Amino acid sequence: MRIAMRVGLTLALAAAVGLPVFPAAAQHVETGVETVPGMPPVPDRYNLYSETRSGKLSPAVANALPRVYVPNLKSNDVYVIDPATLKVVDRFRVGINPQHIVPSHDLKTLWVTNNAEGRTDGSLTPIDPATGKPGTSVAVDDPYNMYFTPDGRSAIVVAEALKRLDFRDPQSMALQSSIPVPQCGGVNHADFSIDGRFVIFTCEFQGSLVKIDLVGRKVLGYLELSKGGMPQDIRVSPDGKTFYVADMKADGIFVIDGESFKELGFIKTGIGAHGLYPSRDGTKLYVSNRGSNQIHGKPHGKGSVSVVDFATRKIVATWPIPGGGSPDMGNVSADGKVLWLSGRYDNVVYAIDTTSGEVRKVAVGTEPHGLTVWPQPGRYSLGHTGNMR
């Protein structure tokens, strides 16, 4: 508080004598959020998604083709969909077992995480968003998923099978350091505190979470969830205070206090709660319910999407997949009108109207997983399929 007041007085004096006051610095003081060094300021402390609203596209994505990139886990390829026509316009081979397509922190590259399950030849394949074409893959240990530190100085490769988080150079992917997470079997998804000080990862195979200090680069603690036992995606609330954790066994989402690292509650959604995606206006959370509690599910399950109101933590709509399905991972279109999700066990992609819940389908490869929609609004990416800020 003293720091904020001192900086505020400095800004006031600067304005009084005619010196320039930079908007970013002013916003930083006004919100009262003291971020870690190098992290962009938080313009709105009550909505950390304020810069991901429709229309707020960064100049860095000005030349990006509007596309949906779909990694197919079993056919080892990526399908490229034109969202305007719902047609597959390209297809190319990548590494073994592509899991997610991850926008880089600087928004200039899309990385395909090929973790080569049970093998030692994992890799990352870069895609140029301006052309939609892949580049030369980089050998990386077990990249199930990938995130970026809020300051952009490191990529965090989630080496799931190794129970390890590898911090790498965000451009070359050269290893910088590692954090072992021995009590986090199935480490896979994450989200970050509003100030960038810590990150919480889910531990799929141990029914728990792990909290990581990003400043000291160390484990702060583990939290066992009260029921369920298979946490998947995790997303922070607009005000940065609580984290929502989808649990595929519990069929719903846990609510976690980020600072105290304690469980606050549980919201029942649907069978196999899996992916979490904020609406473009930051008021709703879309929850993909995969229709199965098993890792290897069957086609035409009781898949659905639940819409949760952030303010009330109540479900305000439920959209079933007609004929059954397996909605998994994805993201929201730049204009917020379409929720794109992979149909994991149905070999399709769902384009879901966020007003009516109407579902359209596009056939893709075998076992599609963490697709991304590009471009998306936001100043920078924290990874996964587009955790934008």
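**Exercises on aromatic rings and their neighbours**

In this predicted model, the charged end of Arg-45 is placed over the ring of Tyr-46, at 5.9 Å from the ring centre.

**Exercise 1.** Determine which ring lies beneath the charged end of Lys-211, and how far away its centre is.

*Solution.* The ring belongs to Phe-198. Its centre is 4.2 Å from the charged end of Lys-211. This value falls within the 6 Å cut-off, so the distance condition for a charge over a ring is met.

**Exercise 2.** State how many aromatic pairs the whole structure holds, then classify the pair of Tyr-147 and Phe-192.

*Solution.* A search of the whole structure yields 6 aromatic pairs. One of them joins Tyr-147 and Phe-192, with 6.2 Å centre to centre and 55° between the planes. Stacked requires under 30 degrees and edge-to-face over 60, so this pair counts as tilted. Tyr-147 belongs to strand β9 (residues 143-148) and Phe-192 to strand β13 (residues 187-192); the pair therefore ties together parts 45 residues apart in sequence. Both Tyr-147 and Phe-192 are buried.

**Exercise 3.** Describe the pair formed by Phe-198 and Phe-243, and explain why it links separate parts of the sequence.

*Solution.* The two rings are tilted, with 6.0 Å between centres and 40° between planes. Phe-198 is located in strand β14 (residues 198-203), and Phe-243 in strand β18 (residues 242-247); because of this, the pair ties together parts that are 45 residues apart in sequence. Phe-198 and Phe-243 are both buried.

**Exercise 4.** Identify which residues form one aromatic cluster with Tyr-147.

*Solution.* The cluster consists of Tyr-147, Phe-192 and Phe-201.

Technical notes
Residues numbered from 1 in each chain as written. Predicted model: local features only at pLDDT ≥ 70, side-chain atom pairs only at ≥ 80, totals over all residues. Heavy atoms only, no water. Phe/Tyr/Trp six-rings, centres within 6.5 Å; stacked < 30°, edge-to-face > 60°. Helix = DSSP H or I, 4+ residues; strand = E, 2+ residues; numbered from the N terminus. Buried < 20%, exposed > 50% of the residue type's maximum accessible area, 1.4 Å probe, protein only. Lys NZ or Arg CZ within 6 Å of the ring centre and 35° of its normal.
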